[in-house]
Amino acid sequence: MTKVFSCRKLVKLGSVWGEPCRLSRLEVSKIVNLRRARKDRARSEAQAEAAENRIRFGRTKAEREAEAAEQRIKDLRLEGHLLTKRENT
C-alpha cells in the first residue's frame, strides 16, 4: 500500500512544494507464507471445481428426465424440418 504524504513535510527529501509525494522507500513489504499461499490457491481451485460439479451433476432424476424429454422433442422437430432423412448412427 502506498502512503501519500504532503510535500511540505518532506522538504528535506527534495520534493516539490504542494504536490503529494509517493515514497516507495517508505513502503513496507508484506511477508507472505508461500505454503499458505499455495494451499489457499489450491483450496479456491477446488471450490471452483466443486461449484461446476454441483451445476453439472446436482440435479434430481425428474430434472434430468425432463431435460431429456425436451431434447427428444427438439430433435424430432429438427428431424421433421430436414429435407432428407438422417440415417440412425
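**A first look at this chain**

In this predicted model, the chain's accessible surface comes to about 9,000 Å², and 54% of that belongs to carbon and sulfur atoms.

User: In what order do the helices and strands run from the N terminus on?
Analyst: Let's start with the parts list: the chain has two helices and two strands. Reading from the N terminus on, the order of the elements is β-β-α-α.

User: What share of the residues in the chain is buried?
Analyst: To count as buried, a residue needs a relative accessible area under 20%. The chain has 89 residues, and the buried share of them is 4%.

User: And of the contacts between residues at least 6 apart in sequence, how many join residues at least 24 apart?
Analyst: Here we set aside pairs that sit less than 6 apart in sequence. Among the contacts that are left, the share joining residues at least 24 apart is 6%.

User: Which residues form the positive surface patch?
Analyst: Take R35 to begin with: it lies in helix α1, which covers residues 34-57. R35 has a relative accessible area of 47%, so it's partly exposed, and a patch residue needs over 30%. The members of the positive patch are R35, R36, R38, K39 and R41.

User: Which residue does R43 meet in a salt bridge?
Analyst: Side chains of opposite charge can pair when their charged atoms come close. R43 and its partner are three residues apart in helix α1, so about one helical turn separates them. R43 is partly exposed at 47% relative accessibility, and the partner is partly exposed at 37%. The N to O distance is 2.8 Å, and the partner is D40.

User: How far apart are the closest N and O atoms of R59 and E67?
Analyst: Both residues are partly exposed: R59 has 30% relative accessibility, while E67 has 43%. A salt bridge needs a side-chain nitrogen within 4 Å of a carboxyl oxygen. R59 and E67 do form one, with their closest N and O atoms at a distance of 2.0 Å.

User: How many salt bridges does the structure hold?
Analyst: We've met the pair R43 and D40, and also the pair R59 and E67. For the structure, the number of salt bridges is two.

Note on methods. Residues numbered from 1 in each chain as written. Predicted model: local features only at pLDDT ≥ 70, side-chain atom pairs only at ≥ 80, totals over all residues. Heavy atoms only, no water. Patch = residues over 30% accessible without salt bridge, like charges linked within 9 Å, V, L, I, M, F, W, Y side chains within 5 Å. Areas by Shrake-Rupley, 256 points an atom, 1.4 Å probe, with all protein chains shown as cover. Lys, Arg positive; Asp, Glu negative; His and termini not counted. Charge placed at Lys NZ, Arg CZ, Asp CG, Glu CD. Helix = DSSP H or I, 4+ residues; strand = E, 2+ residues; numbered from the N terminus. Buried < 20%, exposed > 50% of the residue type's maximum accessible area, 1.4 Å probe, protein only. Contact = heavy atoms within 4.5 Å.
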